Amino acid sequence: APTLRLRGGGRGARLVFSCSASSSSPSGEGGFSGKVGFLGLGIMGAPMASNLINAGCDVTVWNRTRSKCDPLLSLGAKYEPSPADVASSCDVTFAMLADPESAVEVACGANGAAQGMAPGKGYVDVSTVDAATSKLIGKHITSTGASFLEAPVSGSKKPAEDGLLIFLTAGDESLYNRVASLLDVMGKSRFFLGDVGKGADMKLVVNMVMGSMMVSFSEGLLLSEKVGLDPNTLVEVISQGAISAPMFSLKGPSMVKAAYPTAFPLKHQQKDLRLALALAESVSQSIPTVAAANELYKVAKSLGLADQDFSAVIEALKAKEQSK
Ligand SMILES: NC(=O)C1=CN([C@@H]2O[C@H](COP(=O)(O)OP(=O)(O)OC[C@H]3O[C@@H](n4cnc5c(N)ncnc54)[C@H](OP(=O)(O)O)[C@@H]3O)[C@@H](O)[C@H]2O)C=CC1
Ligand SMILES: O=CC(=O)O
């Protein structure tokens, strides 16, 4: 019988199948009993891979900076020296990489995952990239006879740690069904959106809204202070009304203290806005608010804040004030 166990803390707590479950559903979903590869152990990849290991999966990892594999190896993961080696030794390989360039390099470059792919294997790219990149990677993977699923995630460091991510998947639906139990270990919900590119598009639309919201919130915090209000009270007022968002309540108090502990690196938010602007241009849609927000993230990067949390964009506004 499938093993049921409690996942997630507090309000997120729920029961899910463990990795070795052998259930099946009308959609073809079932437990996953094969070997799982994981490429890219940054802020997101490391906790996602940890959750798979803790759920009992047989996980093999690789990361460009080898030392980031060590905590996962202590949990019981295996190591292979290249993406190609991981892919050839595993049934399904996940990749969580920084941007389009690194996602292509790891999947399609020298010793890339595609070189270890073969019929019967699957590649699931959970990085945030644009549709064209995802299609390129998909083409390389499927040319080997393997299956490809794009599955970018919504949710940051804490949801990744708590196994509460939202998967925005597209591509091979039978691979989606095959890895459903793995997605359920790492996430709280999953959407199958159609052909390759639709998951990437959805993720970019979500993140362009998020990036603009953060800029608007930053402007409000600074203005409240300038007119003699307590910005902490603004955070509290917002949390009780119609524009309440977990992001404001979570980041607001530290932003007031000018502290930006990194959950979602600012450089990645700016990358997402850049890609969302290109997406909008591809269909001749004007997104002026996003364009303005993007300029502020670029200023923040030039101030040396690329690796801080994206909430550090407020410092770009402060810099503008100081230069008046
Ligand atoms: N952090 C967040 O809140 C969220 C992030 N995302 C998205 O997930 C992806 C990963 O984010 P996150 O974990 O935060 O990012 P990190 O910057 O923490 O990790 C990036 C990963 O990519 C690897 N990498 C970068 N360049 C290369 C390269 N040229 N070749 C091989 N590997 C490379 C890094 O390796 P190395 O360790 O060697 O540098 C690292 O493993 C991004 O696309 C991001 O937009 C999505 C949702 C939430
Ligand atoms: O991509 C970032 C997120 O928080 O989602």
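This passage describes the cores, the enclosed and open spaces, and selected backbone angles of a predicted model. In this predicted model, local features need pLDDT of at least 70 and side-chain atom pairs count only at pLDDT 80 or more, while totals for chains, interfaces and linings use all residues. Residues are numbered from 1 along each chain as its sequence is written, and side-chain values use heavy atoms, with hydrogens and water left out.

The UniProt annotation "domain: 6-phosphogluconate dehydrogenase NADP-binding", taken from an unreviewed entry, covers residues 35-193; such annotations may be inferred rather than shown by experiment. Over residues 35-193 the chain is 40% helix and 25% strand, where helices (H or I, at least four residues) and strands (E, at least two) are DSSP runs numbered from the N terminus. The end C-alpha atoms of residues 35-193 are 26 Å apart.

The largest nonpolar core, a set of buried Ala, Val, Leu, Ile, Met, Phe, Trp, Tyr and Cys residues joined through side-chain atoms within 4.5 Å, has 35 residues. Those with the most contacts inside this core are Phe-38, Met-48, Leu-52, Phe-94, Val-124, Phe-167 and Val-179. At least two residues of the core are supplied by each of strand 3 (35-39), helix 1, strand 4 (58-62), strand 6 (92-95), strand 10 (165-171) and helix 7 (173-186). Helix 7 provides the largest share, seven residues. A second, separate core of 33 residues includes Ile-238, Ala-245, Ile-287 and Leu-305.

Leaving aside neighbours within four places in sequence, Phe-38 is in contact (heavy atoms within 4.5 Å) with several residues, among them Gly-45, Met-48, Ala-49, Leu-52, Phe-94 and Met-186. Helix 1 (residues 45-54) is largely enclosed by the rest of the structure, because nine of its 10 residues are buried. Buried means under 20% relative accessible area, exposed over 50%, and partly exposed in between (1.4 Å probe, protein chains only). The buried residues of helix 1 include Pro-47, Asn-51 and Ile-53. Just after helix 1, Gly-56 takes a positive phi of about 100°.

Most residues other than glycine have a negative phi. Asn-111, in the loop between helix 4 (100-108) and strand 7 (122-125), has a positive phi near 60°, and it is partly exposed at 46% relative accessibility. Ala-258, in the loop between helix 10 (246-256) and helix 11 (266-282), has a positive phi of about 55° and is partly exposed, with a relative accessible area of 39%.

Enclosed and open spaces were identified on a 1 Å grid over the protein atoms alone: a cavity is a set of points where a 1.4 Å probe fits but cannot get out, a pocket is an open set with protein on both sides within 12 Å along at least five of seven lines, and lining residues have an atom within 4 Å of a point. Grid points are joined across faces, edges and corners, and a volume is the space filled by probe spheres set on the points. The structure holds one cavity of 30 Å³ or more, and the largest cavity has a volume of about 40 Å³. Its lining consists of Asp-125, Ser-127, Val-129, Ser-134, Ile-137, Glu-150, Pro-152 and Ala-200.

The second largest pocket holds about 190 Å³ of space. Its lining residues include Glu-219, Leu-222, Lys-318 and Glu-321. Helix 8 (198-226) and helix 13 (314-322) are the elements that give two or more residues to this lining, and helix 8 gives the most, with five residues.

Conventions: Chains are lettered from A and ligands numbered from 1 in the order in which they are written.
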